[in-house]
Amino acid sequence: MTTGAQTPSTPARPRRSRLRTFLPLGLAAWLVLEIWLLTVVAGASSGLVVFLVLLAGLVLGSVVIKRAGRRAFRNLSEALQQQQSGAIPQAARPSSEGNGLMMLGGLLLMIPGLVSDAVGLLLLLPPVQKAVSRSAERTFERKLREADPGTLGGAFQQARMHRPDGKVVQGEVIRDESGDAPREPRPPLTH
């Protein structure tokens, strides 16, 4: 028996982005490449050499991360001291650039594998850091220009409007203040 109301149709699933489609495949290929390279190096030399290379990457990566973290903390504390003393904080100094990329390079050195070690070592070079930071800055600015204007709350509102399963409970707030005269009851809210 039908009541005449249409059955709500499920909305079409949004298209997956290329990143969500190819990231798992890329990670799997990277993992296979790392394991294959480690077995090739172990076959050409010995397992001890591979162990020492991985251990050296772990130690070097932890030293790099610790150094970059200390430098970032020192720069932050200096900036806070300048701000508290009333001095105008200086623009980003050249020595403070690349702390994040140095930490990423140290993390890649700590991850077992030869490809991640090579990329981590490349990220420790200042010319590579500058090129990567410029590229990331341009990409970020381009994405900001392409984004629709609006507030973050507007983005949440739009997401809720596109999801039919978002439940909204209608209600009313009634204040019971002692100084007010009693009023007649309010009518119920209707759809």
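**Exercise 1. The overall fold**

Which pattern does the protein chain follow when read along the sequence?

*Solution.* Keep in mind from the start that this is a predicted model. Reading along the sequence, we meet the pattern α-α-α-α-α-α. The count agrees with that reading: the protein chain has 6 helices and 0 strands. Next, turn to the surface. The protein chain has 191 residues, and 12% of them count as buried. It exposes about 16400 Å², with 64% of this area supplied by carbon and sulfur atoms. Finally, look at the contacts between residues at least 6 apart in sequence: 61% of them join residues at least 24 apart.

**Exercise 2. Two packing angles of helix α1**

Classify how α1 packs against α4, and then how α1 packs against α2.

*Solution.* Let us begin with α1 (residues 18-44) and α4, whose axes are 7 Å apart and meet at an angle of about 100°. The range for roughly perpendicular is 65 to 115 degrees, and α1 and α4 are therefore roughly perpendicular to each other. On the α1 side the contact is made by Trp 30, Leu 33, Glu 34, Leu 37, Leu 38 and Val 41, and on the α4 side by Leu 114, Val 115 and Ser 116.

Now the other pair. The axes of α1 and helix α2 (residues 47-85) are 7 Å apart, and the packing angle is about 130°. That value makes α1 oblique to α2. Here Leu 38, Val 41 and Ala 42 of α1 make the contact with Gly 47, Val 50 and Leu 54 of α2.

One more step links these helices through a pair of residues. Thr 39 is found in helix α1, and its C-alpha atom is separated by 8.7 Å from that of Val 50, 11 residues apart along the chain. Thr 39 counts as partly exposed because its relative accessibility is 47%.

**Exercise 3. A charged residue under cover**

Find Asp 117 in the structure and work out whether a salt bridge accompanies its burial.

*Solution.* First, locate the residue: Asp 117 sits in helix α4 (residues 114-123). Second, check its surroundings for charge. Asp 117 is buried yet has no salt bridge, and the nearest side chain of opposite charge, Arg 67, is 17 Å away. For comparison with the cut-off, a salt bridge needs a side-chain nitrogen of Lys or Arg within 4 Å of a carboxyl oxygen of Asp or Glu. Third, ask what does touch Asp 117. Apart from neighbours within four places in sequence, its contacts are Val 53, Leu 108, Leu 109 and Ile 111.

**Exercise 4. Around helix α3 and the loop after it**

Where does Ile 111 lie, and is Ile 111 buried or partly exposed?

*Solution.* Ile 111 belongs to the loop between α3 (99-110) and α4. Its relative accessible area is 28%, so Ile 111 is partly exposed. Setting aside neighbours within four places in sequence, Ile 111 is in contact with Trp 30, Ser 116 and Asp 117. Its C-alpha atom and that of Leu 54, 57 residues apart along the chain, are separated by 8.4 Å.

For a last step, move back to Leu 107, which lies in helix α3. With 44% relative accessibility, Leu 107 counts as partly exposed. From C-alpha to C-alpha, Leu 107 and Ile 65 are 7.2 Å apart in space, while in sequence they are 42 residues apart.

Key. Residues numbered from 1 in each chain as written. Predicted model: local features only at pLDDT ≥ 70, side-chain atom pairs only at ≥ 80, totals over all residues. Heavy atoms only, no water. Helix = DSSP H or I, 4+ residues; strand = E, 2+ residues; numbered from the N terminus. Buried < 20%, exposed > 50% of the residue type's maximum accessible area, 1.4 Å probe, protein only. Contact = heavy atoms within 4.5 Å. Areas by Shrake-Rupley, 256 points an atom, 1.4 Å probe, with all protein chains shown as cover. Lys, Arg positive; Asp, Glu negative; His and termini not counted. Axes fitted to C-alpha atoms, helices over the stretch in contact; angles between N-to-C directions. Parallel < 35°, antiparallel > 145°, perpendicular 65-115°, else oblique.
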